[in-house]
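Subject: A structure to look at

Dear colleague,

I am passing on a structure that you have not worked with before, together with some notes on what was found in it. Please open it alongside this message and follow the residue numbers as you read.

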Amino acid sequence: MTSTAEKATLLQELHAAPEPLLVVNVWDAITAKVVAEIPGTRALATASHGIAASRGYPDGERIPRDEMIAEVALIVRAAGDLPVTADLEAGYGDPGGTIARAIEVGAVGVNLEDQMKPLAESVGAVEAAVAAAEAAGVDFVLNARTDAFLKAGDRDPEEVLADAIARGRAYLDAGASNVFVPGRLDVDQVTRLVSELGERKVNLIGVPGSISLEVARELGVSRVSYGPWSQNVALTALAELVEDVHAGGGLPAGTRTLN
């Protein structure tokens with residue numbers, strides 16, 4: 001079995017590689033198993049929204065931290081030798097302690113969101129997470145997320161972009177490995193982010209209307225993930241099956257036995 005330290009080093013290397021790391025997010029052990037067994041999968045990423053929803057909680061740190069960490073542990077076990085990065089929202093009021101717990105169960109990376117809290121507070125959270133990883137002796141991948149675009153409201157787009165860049169720089173200076181900027185960003189915005197924060201330092205989310213993966217690669221993006229959208233794809237398939245059964249149909253052709 002690959003050790004936690006070896007998985008952490010591998011995850012760092014995947015983020016620095018010329019090709020973007022593509023991660024279709026998982027939310028429990030069976031989705032982790034299915035994704036891990038698909039050829040081409042190099043790492044797994046959890047989705048906090050998906051995990052919370054699967055356990056009956058709304059998004060936004062409403063799920064107890066113990067339940068979130070327990071699910072991450074199951075996903076790590078199902079992932080085998082593949083590295084796992086966990087979405088742990090804003091750290092549940094204790095970023096350092098939460099990252100320490102995640103490392104204890106085998107996670108080697110984390111998303112830590114700023115929720116557009118005051119910058120000093122957000123930088124402090126990154127510093128606490130970095131300190132926890134250093135104390136554990138793990139070359140941890142800290143993916144610092146800024147919600148500048150998600151919480152932009154009616155702010156001027158140029159102002160929002162400048163805010164995302166300033167926050168991203170501050171998080172990298174505080175020891176973050178990468179900066180995650182979720183939102184439906186256009187080519188010009190991604191180009192600016194990569195130019196200001198560095199190649200292989202900017203991570204994006206795939207949403208309807210996103211730039212293509214090929215363009216993301218050309219621009220120097222480090223990673224593309226899919227957040228809650230992978231769960232929505234699965235739930236759409238389930239809803240369509242139920243609708244078809246109610247209409248007198250049945251299982252769609254091509255259904256595979258994956259569990």
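**Two loops, and the strands before them**

Glutamate 89 lies in the loop that runs between strand 3 and helix 5. Please bear in mind throughout that this is a predicted model. The phi angle of glutamate 89 is near 50°, which is a positive value in a residue other than glycine. Is glutamate 89 buried or exposed? With a relative accessible area of 1%, glutamate 89 is buried, because buried is taken to mean under 20%.

A second residue can be read in the same manner. Methionine 116, found in the loop between strand 4 and helix 6, also has a positive phi, of about 55°, although it is not a glycine. Its relative accessibility is 23%, and methionine 116 therefore counts as partly exposed.

Strand 3, which precedes the loop of glutamate 89, is covered on both faces, with Val84 and Ala86 on one side and Thr85 and Asp87 on the other, all of them buried. In a regular strand the side chains alternate between the two faces of the sheet.

**The sheet**

In what order do the eight strands of the open sheet stand? The order is 1-8-7-6-5-4-3-2, and the pairing is parallel. Strand 1 (21–23) and strand 2 (44–45) stand at the edges with a single partner strand each, so that one side of each is left without a neighbour in the sheet. Helix 4 (residues 65–79) packs on the sheet, where it touches strand 2 and strand 3 (84–87), and its direction makes about 160° with that of strand 3.

The individual pairings can be followed from strand 2 onwards. Strand 2 and strand 3 pair in the parallel sense over two bridges, and leucine 44 has valine 84 of strand 3 as its bridge partner. Strand 3 is joined to strand 4 by three bridges, again in parallel, with threonine 85 standing opposite glycine 109 in strand 4. Strand 4 (residues 109–113) and strand 5 (residues 141–145) are parallel partners over five bridges, and here glutamate 113 is matched with arginine 145 of strand 5.

Further along the sheet, strand 6 (residues 178–180) and strand 7 run parallel and are joined by two bridges, and the bridge partner of valine 179 is valine 202 in strand 7. From strand 7 (residues 202–205), Val202 and Leu204 point one way while Asn203 and Ile205 point the other way, and all are buried.

**Helix 6 and its surroundings**

Helix 6 has 18 residues, which at 1.5 Å a residue should span 26 Å, and its end C-alpha atoms are indeed 26 Å apart. Which residues of helix 6 are buried? They are Ser122, Val123, Ala125, Val126, Ala129, Val130, Ala132 and Ala133, and the buried residues pack against helix 5 (95–104), strand 4, strand 5 and helix 7. Residues three or four places apart in an α-helix point the same way, because there are 3.6 residues a turn. Glycine 137, whose phi is positive and near 70°, follows helix 6.

The axes of helix 6 (residues 119–136) and helix 7 (residues 157–173) come within 9 Å and cross at roughly 35°, and the crossing is right-handed. The contact is made by Leu119, Ser122, Val123 and Val126 from helix 6 together with Arg167, Ala170 and Tyr171 from helix 7. These residues divide into five nonpolar, one polar and one charged.

**Later helices**

Glutamine 189 is found in helix 8 (residues 187–197) and is buried, with a relative accessible area of 15%. Leaving aside its neighbours within four places in sequence, glutamine 189 is in contact with Phe149, Leu161 and Arg184. Its C-alpha atom is separated by 9.4 Å from that of proline 157, although the two residues are 32 residues apart along the chain.

Finally, helix 10 (residues 229–246) has 18 residues and reaches 25 Å from its first C-alpha to its last, which is close to the 26 Å expected at 1.5 Å a residue. Just after helix 10, glycine 248 takes a positive phi of about 100°.

With best wishes

Conventions. Residues numbered from 1 in each chain as written. Predicted model: local features only at pLDDT ≥ 70, side-chain atom pairs only at ≥ 80, totals over all residues. Heavy atoms only, no water. Pairing = 2+ DSSP bridges. Helix = DSSP H or I, 4+ residues; strand = E, 2+ residues; numbered from the N terminus. Contact = heavy atoms within 4.5 Å. Axes fitted to C-alpha atoms, helices over the stretch in contact; angles between N-to-C directions. Left-handed = near helix turned anticlockwise from the far one by under 90°. Nonpolar A, V, L, I, M, F, W, Y, C, P; charged D, E, K, R; others polar. Buried < 20%, exposed > 50% of the residue type's maximum accessible area, 1.4 Å probe, protein only. Expected span 1.5 Å × (residues − 1).
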